[in-house]
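The report that follows goes through one protein model, from selected residues to the arrangement of its strands. The sequence and the structure are shown first.

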Amino acid sequence: MSLLTWDHDGDLYCTLTTETGTGEGRTTHFELSEARIVANGSPSVLASPVPGPTAVTVVAYASDEEKPVEVFFDGTQTLPFAVLQHFVATVAARLPATGA
């Protein structure tokens, strides 16, 4: 699991990547959401970003499965187009090349 955060016009966004399974059964989920800063109970520990409600989810299956990548959108949220572009570039960089 990894969390990548970035700022866009003063708002914080993130991509949460989770991989499950191995080999042909591997599935990778990429989730785009606004990030929120959560204070940790101790003043000696810095506050950290956590994902908010997911706006876009991409599900990629192991390339051997020949199953296409799927995309799901939350119909209740809006995002700046530049944020979606950044997310798509991040996901594309992590997917295996298809040669297309």
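A residue is called buried here if its relative accessible area is under 20%, exposed if that area is over 50%, and partly exposed in between. The model is a predicted one, and the values given below are to be read with that in mind.

**Four residues and their exposure**

With a relative accessibility of 11%, Trp6 falls below the cut-off of 20% and therefore counts as buried. Trp6 lies in strand β1. Beyond its neighbours within four places in sequence, Trp6 is in contact with Asp11, Leu12, Tyr13, Cys14 and Thr15, with Leu32, and with Val83, His86 and Phe87. Gln77 stands 71 residues away from Trp6 along the chain, and the C-alpha atoms of these two residues are separated by 18 Å.

Ser33, a residue of strand β3, which covers residues 27–38, is likewise buried, with a relative accessible area of 2%. The side chain of Ser33 comes to 3.4 Å from the backbone nitrogen of Gly52. Gly52 is also one of the contacts of Ser33 that lie outside the four nearest places in sequence, and the others in that list are Tyr13, Cys14, Pro51, Pro53, Thr54 and Ala55.

Asp9 and Val50 fall into the other two classes. Asp9 is located in the loop between β1 and β2, the latter spanning residues 11–20, and it counts as exposed at 69% relative accessibility. The phi angle of Asp9 is near 50°, a positive value in a residue other than glycine. Val50 belongs to strand β4 and counts as partly exposed at 31% relative accessibility. Setting aside neighbours within four places in sequence, Val50 is in contact with Glu34, Ala35, Arg36 and Val38. The C-alpha atom of Val50 is separated by 30 Å from that of Glu24, a residue 26 positions away along the chain.

**The chain as a whole**

The protein chain has 100 residues, of which 24% count as buried. Its secondary structure consists of one helix and five strands, and the order from the N terminus is β-β-β-β-β-α. Taken along the principal axes, the C-alpha atoms fill a box of roughly 50 × 30 × 25 Å. Among the contacts with a separation of 6 or more, 41% are between residues 24 or more positions apart.

**The sheet**

How are the five strands ordered in the sheet? They form an open sheet in the order β1-β2-β3-β4-β5, with antiparallel pairing. Strands β1 (2–8) and β5 (70–73) stand at the edges and have a single partner strand each, so one side of each is left without a neighbour in the sheet. From one strand to the next, the twist averages 30°.

Strands of a sheet pair through backbone hydrogen bonds, in either a parallel or an antiparallel sense. In this model, β2 and β3 are paired in the antiparallel sense over eight bridges, β3 and β4 are joined by eleven bridges and also run antiparallel, and four bridges join β4 (residues 48–61) to β5, again antiparallel. Several of the residue pairs that stand opposite each other are set out below.

| Residue | Opposite residue | Strand of the opposite residue |
|---|---|---|
| Thr20 | Thr27 | β3 |
| Phe30 | Val58 | β4 |
| Ile37 | Pro49 | β4 |
| Val56 | Phe73 | β5 |
| Val58 | Val71 | β5 |

Val58 appears twice in the table, as the bridge partner of Phe30 and as the residue opposite Val71 in β5. The hairpin of β2 and β3 has six residues between the strands, and in this hairpin Gly21 takes a positive phi near 75°.

**Aromatic rings**

A pair of aromatic rings is described by the distance of the centres and the angle of the planes. With ring centres required to lie within 6.5 Å of each other, the count comes to one aromatic pair. A charge and a ring also come together in this model, where the charged end of Lys67 sits over the ring of Tyr61 at 4.4 Å from its centre.

Conventions: Residues numbered from 1 in each chain as written. Predicted model: local features only at pLDDT ≥ 70, side-chain atom pairs only at ≥ 80, totals over all residues. Heavy atoms only, no water. Phe/Tyr/Trp six-rings, centres within 6.5 Å; stacked < 30°, edge-to-face > 60°. Lys NZ or Arg CZ within 6 Å of the ring centre and 35° of its normal. Pairing = 2+ DSSP bridges. Axes fitted to C-alpha atoms, helices over the stretch in contact; angles between N-to-C directions. Buried < 20%, exposed > 50% of the residue type's maximum accessible area, 1.4 Å probe, protein only. Polar contact = N/O pair within 3.5 Å; in protein donor to acceptor, adjacent residues only side chain to side chain. Contact = heavy atoms within 4.5 Å.
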